[in-house]
Amino acid sequence: MINLELPPKLEAARQGSRGLAEQLFRPISRKYDKQEHDYPEELRVLGGPRKAKTAEQIKEEQALRELAKAQEAKDEGKVKNGNNVQGIVSVTEMCRGDVGLMLSVPGVGLGNAAISAVATPEQKARFGHCYASMAITEPSTGSDSANISTTAVLDGDEWVINGEKIFITAGERCDHVVVWATLDKSMGKAAIKSFVVPRDAPGCELVGLEDKLGLRASDTATIRFDNCRVPKDNILGSPEVDAKKGFGGVMQTFDNTRPTVAAMALGVARASLDLTTEILKKEGVKADYAKDMWHSSAIEAELYRMEAEWDAARLLTMKAAFMSDNKEPNSMEASMCKAKAGRMGNYVTLRCVELCQAMGYSETELLEKWARDSKILDIFEGTQQIQLLIVARRLLGLSSAQLK
Ligand SMILES: Cc1cc2nc3c(=O)[nH]c(=O)nc-3n(C[C@H](O)[C@H](O)[C@H](O)COP(=O)(O)OP(=O)(O)OC[C@H]3O[C@@H](n4cnc5c(N)ncnc54)[C@H](O)[C@@H]3O)c2cc1C
């Protein structure tokens, strides 16, 4: 029989993140929904932006990595619940507290996932400590990321970056930005590479911040790169342009970040479902799974439906993360879980607003906020439509040129 219980190690991680969500995030959730652009000072207890590591720290970490590698070799062939599965469990719990605040915790940016997916061991040692945001979107390029116009040109020992990036989550608060740029636009997506750019590099300029529907505790920035120079070895992955490879290695980032965004949707939807169940219980609607369907009310049936949708999204998300931990290619599963969880999050949070009526729509509860927060989770890191397109391509064995 399949055992779907969390192993003890993950249960401990879940409890820790739940404590953080309930004690730190939830009490200040409404405050930073109202005070958009103010930094949530309360999060400073989690540690400010981290300082660059000393040579000694880098050496110590290298030794730890060697040990982990040796252990990994010993465990060869055994299944693992590693960083990705643990990340899903923690992110879900933290976002049950507040997704915007989770995205504002110093040190946990979407660019960090890119670094861990694409960087060499040496780069991981250099950039592992960073708080990195992720800059792909441009004023004229969103879903069609193969069309980006930001350029990177090698000049001696430095890359010179020029272009503008918009909608960068944590773009103001981070200390580094992972920037997608093309080495040669005429060579198409194979020439797109990612670069780690320090936020204080000359020529890296914050242009503005968005006012948003949801996720207001999290900053969303526009950054301009004007002859911005970074060292030659700040390119993530190989600088070679291999036309056969399609995207120049940057796409692996999404195999890790899409399940993470799916976990955010799981967290927000869980918050809505838990509160709605509690509110309805006070009104005499008790979800009782032992009751047969003939004696369930329409509202109870709706609660069961939402719980089933939530669990389906959770299992797909865990599967994608589990595959990543066990080094199995998971691009299709990453898109599947993002598509399912994104849509589920939108459906559940809005339905909870409807079911709780005035309490759902007014600001006395957080239900209306969660409905606003959940919308973006079906958009960023690839929209619903783009995820379905990717899944269709994989299932049908068609390339992006064959199925657009
Ligand atoms: C709050 C917020 C935070 C963000 N954070 C980041 C970030 O940290 N880093 C970053 O780089 N970007 C970020 N983004 C940008 C986000 O990833 C893009 O908005 C998203 O990729 C969609 O791009 P677009 O807005 O240009 O829409 P478009 O690509 O123009 O799409 C518009 C609509 O058309 C649909 N569509 C497009 N192409 C197809 C197709 N081939 N088939 C079917 N339908 C299609 C889309 O699904 C969508 O519904 C953020 C955006 C927001 C609002």
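## Exercises on a ligand site and a nonpolar core

Domain 2 (132-242) and domain 3 (252-396) both give residues to the shell around the ligand, so the ligand lies between them. The model is a predicted one.

**Exercise 1.** Describe the shell around the ligand by residue, element and class.

*Solution.*
1. The ligand is surrounded by 22 residues, and the closest are Ile136, Gly142, Ser143, Thr169 and Thr383.
2. Two or more residues of this shell come from each of β1 (132-135), β3 (158-169) and α13 (384-396).
3. Sorted by class, the shell holds 12 nonpolar, eight polar and two charged residues.

**Exercise 2.** Locate the largest nonpolar core and follow the contacts of Ala265.

*Solution.*
1. The largest nonpolar core contains 95 residues.
2. Inside this core, Ile161, Val179, Phe195 and Ala265 have the most contacts.
3. Helix α8 (residues 252-282) supplies the largest share of the core, 12 residues.
4. Leaving out residues up to four places away in sequence, Ala265 touches Ala313, Ala341, Gly342, Met344, Gly345, Ser374 and Leu377.

**Exercise 3.** Determine how compact the chain is for its 404 residues.

*Solution.*
1. The chain has 13 helices and eight strands.
2. Its radius of gyration is 22 Å, close to the 22 Å from the globule rule for 404 residues, so the chain is as compact as a globular protein of that length.
3. The C-alpha trace spans about 75 × 50 × 50 Å along its principal axes.
4. Buried residues make up 43% of the 404.
5. Of the contacts with a separation of 6 or more, 77% join residues 24 or more positions apart.

Note on methods: Residues numbered from 1 in each chain as written. Predicted model: local features only at pLDDT ≥ 70, side-chain atom pairs only at ≥ 80, totals over all residues. Core = buried A, V, L, I, M, F, W, Y, C linked by C-beta atoms within 7 Å. Buried ≥ 20, exposed ≤ 12 C-beta atoms within 10 Å, placed from the backbone. Helix = DSSP H or I, 4+ residues; strand = E, 2+ residues; numbered from the N terminus. Contact = placed C-beta atoms within 7 Å. Near = placed C-beta within 6 Å. Nonpolar A, V, L, I, M, F, W, Y, C, P; charged D, E, K, R; others polar. Domains from an automatic or database assignment. Rg over C-alpha atoms; globule rule 2.2 N^0.38 Å.
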